Amino acid sequence: FESFTHPSSNQNMSESGCIGFIGVGGIMGQGMANNLAKAGRKMVVWNRSKHSVTEFCSRTGASAAETPEDVIEKASVTYLMLSDLNASRSVYEGESGILGANLEGKFIVDCATLTPERMKEIEGKVSSKKGIFLEAPVSGSKVPAANGTLIFLCGGNKALFEKAKPDLDLMGKASFYLGGVGKGSEMKLLVNMTMGSMISVLGEGLSLAEKCDIDQSQLLEVLDLGACANPLFKSKGPKMIAGDYAPNFPLKHAQKDMRFAIDLGDRVGQSLPMAASANELFKRVKNEQGDNDFAAVFEATK
């Protein structure tokens, strides 16, 4: 790994070979991989849904891999965007998974939102096979992924962070290096916990406005003119009033992140009563609204 002790090297990841991407079929992964392809990156891709791979490859000229293991063997660096812990375990430890490949000298950049413990577990297994690992969960949803304006929250090998940054810059507007593996995931959980709590209280405010016979749109207008103005309320508020829950960030994933954040609070001894209450709202509608946008938590407040 001598070359990775010198982050100042001018060679970036795209210059050292093919880029792999696992998870091109999801809401987030599709946009991220599109931005790499549009920049002319040579890519090999895999997704659980074969249709998603076929569509992506026919549109971008990327190569299709048969398995996650195949992606690793063909690529110099592989980015992953997976939905949850089960998908992560399947792709890494499952049949023909990443850990079955020869990882020596391979670079793995995992952009999923998982627990810090899971990221550390992955890093340990990748490192034991002489691979190099960076966690890089993202702040942002469907539209920022498509527009290349995500925020990467990274932890792990700093030299890999520096070398991957040209690719991260294609997919995002900012990248933060936060320390060792686990710190990126912790930051992501803090962000999503805050966001989930904010949208829950907005839902309560809109419901209370309706009960008081106050125009909900006027509530949004007043909020937007004062200290409470923020992009989340501005973008999601009108959709909540209209009942438009087309998914940009599925509610089931938002609830997963709330749960992970509450577990993190338990581990470090931090009380999170507001987040815990918001999580209960998400749980209340998860069965009915799980695949819809997380703004559908509004339905739990009615």
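**View 1. Strands S8 and S9 are joined by 5 bridges in this predicted model.** Strand S8 covers residues 150–156, strand S9 covers residues 172–177, and the two run parallel. Within this pair, Ile 151 of S8 is placed opposite Ala 174 of S9. Between the two strands the chain passes through helix H7, residues 158–171, and the resulting β-α-β crossover is right-handed.

**View 2. Strand S6 pairs with strand S5 and with strand S8.** S5 spans residues 107–110 and S6 spans residues 132–135. Their pairing is parallel and extends over 4 bridges. Val 109 faces Leu 134 of S6 across this pair. Helix H5, made of residues 116–128, lies in sequence between S5 and S6, and the three elements form a right-handed β-α-β unit. With S8 the sense is antiparallel, and 2 bridges join the strands. Here Glu 135 is found opposite Gly 155 of S8.

**View 3. Strand S6 is covered on both faces.** In a regular strand, side chains alternate between the two faces of the sheet. Ile 132 and Leu 134 are on one side of S6, and Phe 133 and Glu 135 are on the other. These four residues are all buried.

**View 4. Phe 133 is a buried residue of strand S6.** Its relative accessibility is 3%, and therefore Phe 133 counts as buried, the cut-off being under 20%. Apart from neighbours within four places in sequence, Phe 133 is in contact with Tyr 92, Ile 108, Asp 110, Met 119, Ile 122, Glu 123, Val 126, Gly 156, Asn 157, Leu 160 and Val 181. One of these residues, Asn 157, is 24 residues from Phe 133 in sequence, with a C-alpha to C-alpha distance of 6.3 Å.

**View 5. Helices H9 and H10 pack against each other.** Two packed helices are described by the angle between their axes and the distance between the axes. H9 consists of residues 216–225 and H10 of residues 231–242; the angle is about 175° and the axes are 10 Å apart. Because of this angle, H9 is roughly antiparallel to H10. On the H9 side the contact involves Gln 216, Ser 217, Leu 220, Leu 223 and Asp 224, which meet Phe 233, Lys 234, Gly 237, Pro 238 and Ile 241 of H10. Sorted by class, the contact comprises 5 nonpolar, 3 polar and 2 charged residues.

Note on methods:
Residues numbered from 1 in each chain as written. Predicted model: local features only at pLDDT ≥ 70, side-chain atom pairs only at ≥ 80, totals over all residues. Heavy atoms only, no water. Axes fitted to C-alpha atoms, helices over the stretch in contact; angles between N-to-C directions. Parallel < 35°, antiparallel > 145°, perpendicular 65-115°, else oblique. Contact = heavy atoms within 4.5 Å. Nonpolar A, V, L, I, M, F, W, Y, C, P; charged D, E, K, R; others polar. Buried < 20%, exposed > 50% of the residue type's maximum accessible area, 1.4 Å probe, protein only. Pairing = 2+ DSSP bridges. Right-handed = clockwise from strand over helix to strand, strands pointing away.
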